[in-house]
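Q: I am new to this structure and would love a close look at one part of it. Could you pick a helix, walk me through its surroundings, and then show me how other places in the chain fit in?

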Amino acid sequence: MNKKSFSAKNTKIALLTGGPSLERGISLNSARSVLDHLSSDNIEIVPIYFDQKKRAYKISRAELYSNNPSDFDFKLAQNFKALSEKALLKILKSVDIVFTAMHGPFGEDGQIQNFLEKHHISFIGSSSQACKTAFDKHNASKTLKEKGFFTLPTSLLKIYSKDNEKIIKEFFGKYKIKRAIVKPATSGSSIGVFSVSTPEEAFEKVNIIFSKRMDTRIILEPFAEGKEFTVIILQNKLGMPVALMPSEIEMTYHEGRIFDFRRKYLPTNQVKYHCPARFESGVIEKIQTQAAQLFTLLKMNDFARFDGFLMPDGNIWFSDFNPVSGM
C-alpha cells in the first residue's frame with residue numbers, strides 16, 4: 001500500500017468502479033455509496049469507470065448515478081474515447097489518494113493494486129500481495145490451516161484436469177458428504193456458487209462454471225452446517241485492526257438454498273440480519289479476536305470484510321475474505 005499525508009481540507013479522491021468481473025453492478029452501487037458518504041465542500045471525487053476490457057473512462061458524477069453496467073459499456077463505446085495509460089496516470093497522480101470500489105477479479109485480486117503500486121500512486125486498502133492471498137479462497141484456506149485456525153476440508157478442481165470427476169467422487173466418499181458447495185476459487189457476491197447433493201450434480205455444476213469461464217479453478221467443500229455471519233474489520237490510527245460487531249445472517253437452507261447473489265442484493269423476505277449476532281458474548285468476542293488476527297496474518301490494510309460460520313461444535317470457520325467489501 002502506498003500512502004502520503006494530506007489535509008482533510010480540499011482533498012481530491014479518484015474513485016475507481018466497474019471492472020471486468022461479473023460483480024460490476026455491485027461495484028457501481030458501492031461507488032455510489034462512497035460518493036454519497038465522502039462528498040463534501042472540501043472533498044472532490046473523480047469517478048473513473050473500467051469496462052469489461054479494463055479500459056478506463058473518466059465519467060461524471062451524474063453518469064455514475066444514472067447507468068447500469070450495460071448502459072455504461074454501450075454509451076461509453078458510442079460517445080467516449082477510453083483514456084490512454086498516460087492520461088489515466090496523469091489523473092491518478094493528480095489526486096491525493098485513490099479509492100478502489102471494484103469487486104471480483106481485477107479489483108480485489110491485486111491487479112489494480114499492483115498497477116497503482118508500480119506507479120507509486122497512493123491508495124486506500126490492502127496491498128496487491130495481501131489482496132492476492134486473501135481473495136483466492138484456496139490459498140487463504142491453506143494459510144488458515146497452516147496457522148492453526150479451524151477450516152473445513154476442501155478439494156481444488158482445475159479447468160483442464162482430466163481427474164475432476166474422480167476427485168469429486170473420492171471427496172464425497174472420504175468425508176461422507178450429503179451436501180456440498182461448489183464455487184469459483186476467485187469470485188465474490190456468491191456468483192457461481194452451487195449447493196449440490198451428489199457427485200454427479202457437483203460434476204455438472206463444475207462443468208457449468210468452467211464452460212462460462214467464471215474461473216479456471218474451483219473449490220469443493222462440505223456444506224457448512226452452522227450459523228452464518230459477516231464482520232467488518234477497520235484499522236485504527238495506531239495501525240491495529242479492530243473488528244466491529246459481527247452480523248448474523250438468518251435464512252433457511254433447505255431445498256438446496258444458500259445465501260446467494262439474489263438473496264444478498266435483491267429484495268427478499270427469505271433473509272434476516274441480526275446485529276449484534278444472536279451469539280453468546282464469548283462467541284462474539286472470539287469472532288472479533290480471530291478476525292483481527294486474520295487481518296494481521298493476511299497483512300491487510302485499512303478495511304476488510306470476512307464472512308464465516310459458527311459451527312454446531314462451537315468452532316469458528318472463516319470462509320471468505322473480501323479486500324473490498326460491498327458498500
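A: Here is a short tour that starts with the whole protein, settles on helix α7, and then follows the chain outward from there.

Please keep in mind that this is a predicted model. The protein has 11 helices and 15 strands. Its radius of gyration is 20 Å, close to the 20 Å that the globule rule gives for 327 residues, so the protein is as compact as a globular protein of that length. If you turn the C-alpha trace along its principal axes, the spans are about 60 × 45 × 40 Å. Of the 327 residues, 52% count as buried. Contacts across the sequence matter for the picture too: among contacts with a separation of 6 or more, 67% are between residues 24 or more positions apart. As for the outside, the accessible surface comes to about 16,400 Å², and carbon and sulfur atoms account for 51% of that. The protein carries 46 positive and 35 negative side chains, with the centres of the two sets 5 Å apart.

Now to the helix itself. Helix α7 covers residues 137-146, and its buried residues are K137, H138, A140, S141, T143 and L144. A general point helps when reading such a list: an α-helix has 3.6 residues a turn, so residues three or four places apart point the same way. What lies over the buried residues of α7? The cover includes α6 (128-135), β6 (155-158), β7, β9, α11 and β15 (316-322). Both ends of the helix have something to show you. At the N-terminal end, D136 acts as a cap, with a side-chain oxygen 3.1 Å from the backbone nitrogen of H138. After the helix comes G148, whose phi is positive, near 90°.

One of the covering elements, β7, is a good next stop. Strand β7 holds K183. Is K183 buried or exposed? Its relative accessible area is 5%, under the 20% cut-off, so K183 is buried. The side chain of K183 makes a polar contact of 3.0 Å with the side chain of E221. Setting aside neighbours within four places in sequence, K183 is in contact with K137, G192, V193, I209, I218, I219, E221, S319 and D320. K137 in that list brings you back to α7, where K137 is one of the buried residues.

Two loops beside these strands offer a contrast. K176 sits in the loop between α8 (164-174) and β7 (180-184). K176 has a positive phi of about 50° although it is not a glycine, and with a relative accessible area of 70% it is exposed. R213 is in the loop between α9 (199-211) and β9 (217-222). Here too the residue is not a glycine, yet the phi of R213 is positive, about 55°. R213 is also exposed, with a relative accessible area of 54%.

Helix α11, another element covering α7, leads on to a further region. The loop between β13 (272-274) and α11 (281-297) contains P276. The peptide bond from C275 to P276 is cis, with omega near 5°. In strand β13 you will find H274, which counts as buried at 18% relative accessibility. H274 and F229 are 45 residues apart in sequence, while their C-alpha atoms are 9.1 Å apart in space. Leaving out residues up to four places away in sequence, H274 touches P246, S247, E248 and E250.

That list includes E248, a residue of strand β12 (residues 247-250). E248 has 4% relative accessibility and counts as buried. Its side chain reaches the backbone nitrogen of R278 at 2.9 Å. Beyond residues up to four places away in sequence, E248 touches K227, E228, F229, K272, Y273, H274, A277, R278 and F279.

A last stop is A101, in the loop between β4 (97-100) and α5 (111-118). A101 counts as buried, at 0% relative accessibility. Although A101 and T17 are 84 residues apart along the chain, their C-alpha atoms are separated by 5.3 Å. Not counting residues up to four places away in sequence, A101 touches L15, L16, T17, S27, S30, A31 and V324.

Terms used. Residues are numbered from 1 along each chain as its sequence is written. This is a predicted model: local features need pLDDT of at least 70, side-chain atom pairs count only at pLDDT 80 or more; totals for chains, interfaces and linings use all residues. Side-chain values use heavy atoms; hydrogens and water are left out. Helices (H or I, at least four residues) and strands (E, at least two) are DSSP runs, numbered from the N terminus. The radius of gyration is taken over C-alpha atoms; the globule rule is 2.2 Å times the number of residues to the power 0.38. Buried means under 20% relative accessible area, exposed over 50%, partly exposed in between (1.4 Å probe, protein chains only). Contact means heavy atoms within 4.5 Å. Accessible areas come from the Shrake-Rupley method with a 1.4 Å probe; for residues, only the protein chains shown count as cover. Lys and Arg count as positive and Asp and Glu as negative; His and the chain ends are not counted. The place of a charge is taken as NZ of Lys, CZ of Arg, CG of Asp or CD of Glu. A polar contact is a pair of N or O atoms within 3.5 Å; within protein, one must be able to donate a hydrogen and the other to accept it, and residues adjacent in sequence count only if both atoms are side-chain atoms.
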